[in-house]
Amino acid sequence: MPHRHRQTRAVGAAVAATAALLVAGLSGSASAGTAPSPAAPTAAEALRADAAPPALLRAMERDLGLDREQAERRLVNEAEAGAVAGRLRADLGGDFAGAWVRGAESGTLTVATTDAADVALIEARGAVAEVVRHSLADLDAAKSRLDRAAAHRDTTDAPVRYVDVRTNTVTVQAVRPSAARALLDAAGVGAGLARVEKSAERPRPLYDLRGGEAYYINNSGRCSIGFPVTKGTQQGFATAGHCGRAGASTSGANRVAQGTFQGSVFPGRDMAWVAVNSQWTATPYVNGAGGQNVQVAGSTQAPVGASVCRSGSTTGWHCGTVQQHNTSVTYPEGTITGVTRTTVCAEPGDSGGSYISGSQAQGVTSGGSGNCGSGGTTFFQPINPLLQNYGLTLKTTGGGEDPGEPGEPGGTWAAGTVYQAGDTVTYGGATYRCLQGHQAQQGWEPSNVPALWQRV
């Protein structure tokens, strides 16, 4: 491929500068031939990973078995790893087969490729290289075939399907393995691409009718607020689609009238948003342990293996790790796609609540299995597709107000737009490629944040 020759030159220049993963300013954080300005923030600084609130750190210590310093280093390492993985994804193109972090402090980043010629470049950026058979594009395509086949079948005995970059397979979790094999046959996905994992899990949405706290739907069912948002001058919050349909009314934990569901999708996806009345104000915070504010600074997607914490009205703060993106799960009510699978526990009433990694919003609680006594698996609806679907702006400590027209120096980049890895924009007369999915905001202009944008 044409990029192979560029890689060879880049390796020679980068080897001498390679450093341990936790060191800010990895060789992978600068554009080839274009170093960021001395004032450019590291990924950890840009994503505010170095300013985690005590409530989040305490939950990580409890649920991940860390001490305070390990928790702090883990968040910094995960921010830097995401930036390096994003740049390598852009450099490897069709060879890229996924990336993940591991270790108590997420000190090791592994990047998979289908071409052994990429190994030197990956290692030069401070990551571990793994040569595999299938590209991420191939795995995603196989997963799409499974989802299309599942739409015409009863998949309650094979309820979970995801792309697992760590095993380089499309994995089907099944109560009955024969159900998984039948689905794979119907989708035309061969054994070389797929893996069947026997599991007793039968995920379900996590709402209940017991009453209590958080917010109530039509004065009965209870769910949890996800992330405060704005749409123009209208304030509101994002939550799970299964919590309520468009037009349903909500009241707060204090039973005071709150708002109305403006849009809701479930099944298919699990997303909704509620517009609130003038008595309620959107803030850039998530409720942490003991009522402490946990700041939301953005919505950059965390890599596989990264720590993630959840806030819910039933069980409060709990943490775990991201297991897989691009997961499909069948609930009794139907199948949803595009969710993220985690090791965080949850219980009824936690639905709709916030998932956050460091200070970066990740998504809203959808469903799962197990509980917070014995442990469990949960799924969240990623926040960026939700924001994009409804034209919402995440409320953040970095601003988060609904943006106006792009200012100087001009171009196609615009605050409030949700960008995915690989998207290109122009800004200040230059072209940039997005390295990590996020919603743009003032202060995160492409020229300012090399962790999110690469000049091309």
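Here are legends for a few close-up views of this predicted model.

Local features are included only where pLDDT is at least 70, side-chain atom pairs only at pLDDT 80 or more, while totals for chains, interfaces and linings use all residues. Residue numbers run from 1 along each chain as its sequence is written, and side-chain values use heavy atoms, with hydrogens and water left out.

**View 1. The whole protein chain has eight helices and 28 strands.** Helices (H or I, at least four residues) and strands (E, at least two) are DSSP runs, numbered from the N terminus. Of the 456 residues in the chain, 56% are buried; that label means under 20% relative accessible area, with exposed set at over 50% and partly exposed in between (1.4 Å probe, protein chains only). Take the contacts (heavy atoms within 4.5 Å) between residues at least 6 apart in sequence: 62% of them join residues at least 24 apart.

**View 2. Tyrosine 215 meets phenylalanine 261 ring to ring.** Searching the whole structure turns up six aromatic pairs. Here the pair is tilted, at 6.5 Å centre to centre with 50° between the planes. To count as a pair, rings of Phe, Tyr and Trp (its six-membered ring) need centres within 6.5 Å; planes under 30 degrees apart are stacked, over 60 edge-to-face, and the rest tilted. The two partners come from distant parts of the chain, 46 residues apart: tyrosine 215 belongs to strand S8 (residues 215–217) and phenylalanine 261 to strand S13 (residues 257–265). Tyrosine 215 is buried at 0% relative accessible area, and phenylalanine 261 is buried too, at 2%. Ring pairs also bring in Phe237, making a cluster with Tyr215 and Phe261.

**View 3. Arginine 255 holds its charged end over the ring of tyrosine 216.** The distance to the ring centre is 3.6 Å. The rule for sitting over a ring is that NZ of Lys or CZ of Arg lies within 6 Å of the ring centre and within 35 degrees of the ring normal.

**View 4. Threonine 250 is a buried residue in strand S12 (residues 249–251).** Its relative accessible area is 6%. Setting aside neighbours within four places in sequence, threonine 250 has contacts that include Tyr215, Tyr216 and Phe261, residues you've already met, along with Gln258 and Val274. With glutamine 258 there is a side-chain to side-chain polar contact of 2.8 Å. Such a contact is a pair of N or O atoms within 3.5 Å; within protein, one must be able to donate a hydrogen and the other to accept it, and residues adjacent in sequence count only if both atoms are side-chain atoms. The C-alpha atoms of threonine 250 and arginine 222 are 9.4 Å apart, with 28 residues separating the two along the chain.

**View 5. Serine 328 sits in strand S18 (residues 316–331).** Serine 328 is buried, with a relative accessible area of 0%. Its side chain makes a polar contact of 2.7 Å with the side chain of lysine 143. Beyond neighbours within four places in sequence, the residues touching serine 328 include Lys143, Asp147, Arg161 and Thr337.

**View 6. The largest cavity holds about 150 Å³ of space.** A cavity is a set of points, on a 1 Å grid over the protein atoms alone, where a 1.4 Å probe fits but cannot get out; lining residues have an atom within 4 Å of a point. Among the 16 lining residues, Leu47, Glu78, Ala79, Ser357 and Gln360 lie nearest the centre. Helix H4 (68–92) gives the largest share of the lining, three residues.

Terms used
On a 1 Å grid over the protein atoms alone, a cavity is a set of points where a 1.4 Å probe fits but cannot get out, and a pocket is an open set with protein on both sides within 12 Å along at least five of seven lines; lining residues have an atom within 4 Å of a point. Grid points are joined across faces, edges and corners, and a volume is the space filled by probe spheres set on the points.
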